[in-house]
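Trainee: Got a few minutes to look at a model with me? I'd like to go through it piece by piece.

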Amino acid sequence: AELYSRIDVAWTWETIVVHHDNGVETRYSHAAKRLVGLGERVTENNVLGLVGDTGMAMGPHLHLEVKQFGRTVNPMPYLLNSAIKRIVTRQHTPSR
């Protein structure tokens, strides 16, 4: 996935935006620090940034937004799919 990050001038929070190959865009806001650079390619195992309280946040948290073809969509199916993948992977990983 291609990644770019920017500061949203209207709210001044730190936002990391990841463009996925399937028309999906994920945005992670209020980062205290970005750990990836502009145009860097990332995988699902990359740590993108550190949770923060930038902008008008009242405390440290992550603002997650998922867009599909430019429209904001419910992030739960993506979160659940990711969690299920991790559970299945753990169950099928040989013990050492």
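Mentor: Happy to. Let's settle how the elements are named: helices (H or I, at least four residues) and strands (E, at least two) are DSSP runs, numbered from the N terminus. With that naming, Phe69 is found in the loop between E6 and strand E7, which covers 71-73. Keep in mind that this is a predicted model.

Trainee: Okay, what is phi of Phe69 near?

Mentor: Phi of Phe69 is near 55°, a positive value in a residue other than glycine.

Trainee: And is Phe69 buried or exposed?

Mentor: Phe69 counts as exposed because its relative accessibility is 65%, and the cut-off for exposed is over 50%.

Trainee: Let me zoom out. How many helices and strands does the chain have?

Mentor: The secondary structure comes to one helix and seven strands. Reading from the N terminus, the order is β-β-β-β-β-β-β-α.

Trainee: What percentage of the chain is made up of buried residues?

Mentor: Buried residues account for 25% of the 96 residues.

Trainee: Back to backbone angles. What about phi of His30?

Mentor: His30 has a positive phi as well, near 80°, and is a residue other than glycine. His30 sits in the loop between E3 and E4.

Trainee: Buried or exposed, that His30?

Mentor: His30 is buried, as its relative accessible area is 6% and the limit for buried is under 20%.

Trainee: Switching to pockets. How much space lies in the largest pocket?

Mentor: About 740 Å³. The lining of the largest pocket has 23 residues, and those nearest its centre are His20, Tyr28, Glu44, Tyr78 and Ser82.

Trainee: Which elements each supply at least two residues of that lining?

Mentor: Strand E3 (24-29), strand E6 (63-68) and H1 do. H1 gives the largest share of the lining, six residues.

Trainee: How does that lining split by class?

Mentor: The largest pocket is lined by 12 nonpolar, eight polar and three charged residues.

Trainee: And how much space lies in the second largest pocket?

Mentor: About 160 Å³. Its lining draws two or more residues from E3 and from strand E5 (49-51). E5 has the largest share there, with three residues.

Trainee: Which residues line the second largest pocket?

Mentor: Among them are Ile16, Tyr28, His30, Leu48, Val51 and His61. So we meet His30, from the loop between E3 and E4, again. By class, the lining of the second largest pocket has seven nonpolar and five polar residues, with no charged ones.

Trainee: You mentioned His61. Where is His61 found?

Mentor: In the loop between E5 and E6. His61 counts as partly exposed, since its relative accessibility is 32%.

Trainee: How far apart are the C-alpha atoms of His61 and Ala32?

Mentor: They are separated by 9.8 Å, while the two residues are 29 residues apart along the chain.

Trainee: New topic, charges. How many salt bridges does the structure hold?

Mentor: Two. In one, the side chains of Glu14 and Arg34 meet at 2.5 Å, N to O. That pair links distant parts of the chain, with Glu14 in strand E2 (residues 13-19) and Arg34 in strand E4 (residues 31-34), 20 residues apart.

Trainee: Is Glu14 buried or exposed?

Mentor: Glu14 is buried, because its relative accessible area is 13%. Its partner Arg34 is partly exposed, at 35%.

Trainee: Which side chains meet at 2.7 Å, N to O?

Mentor: Those of Arg27 and Glu25. Arg27 counts as buried at 14% relative accessibility, and Glu25 is buried too, at 13%.

Trainee: Last one, the surface. Which residues form a nonpolar patch there?

Mentor: Met76, Leu79, Leu80 and Ile84 form that patch, and together they have about 370 Å² of accessible area. Met76 belongs to helix H1, residues 76-91. With a relative accessible area of 41%, Met76 is partly exposed.

Trainee: So the helix with Met76 in it is also the one giving six residues to the largest pocket's lining?

Mentor: Right, H1 contains Met76, and H1 provides the largest share of that lining.

Technical notes: Residues are numbered from 1 along each chain as its sequence is written. This is a predicted model: local features need pLDDT of at least 70, side-chain atom pairs count only at pLDDT 80 or more; totals for chains, interfaces and linings use all residues. Side-chain values use heavy atoms; hydrogens and water are left out. Patches are made of residues with over 30% relative accessible area and no salt bridge: like charges are joined within 9 Å, nonpolar side chains (Val, Leu, Ile, Met, Phe, Trp, Tyr) within 5 Å. Accessible areas come from the Shrake-Rupley method with a 1.4 Å probe; for residues, only the protein chains shown count as cover. A salt bridge is a side-chain nitrogen of Lys or Arg within 4 Å of a carboxyl oxygen of Asp or Glu. Buried means under 20% relative accessible area, exposed over 50%, partly exposed in between (1.4 Å probe, protein chains only). On a 1 Å grid over the protein atoms alone, a cavity is a set of points where a 1.4 Å probe fits but cannot get out, and a pocket is an open set with protein on both sides within 12 Å along at least five of seven lines; lining residues have an atom within 4 Å of a point. Grid points are joined across faces, edges and corners, and a volume is the space filled by probe spheres set on the points. Ala, Val, Leu, Ile, Met, Phe, Trp, Tyr, Cys and Pro count as nonpolar, Asp, Glu, Lys and Arg as charged, and the others, Gly among them, as polar.
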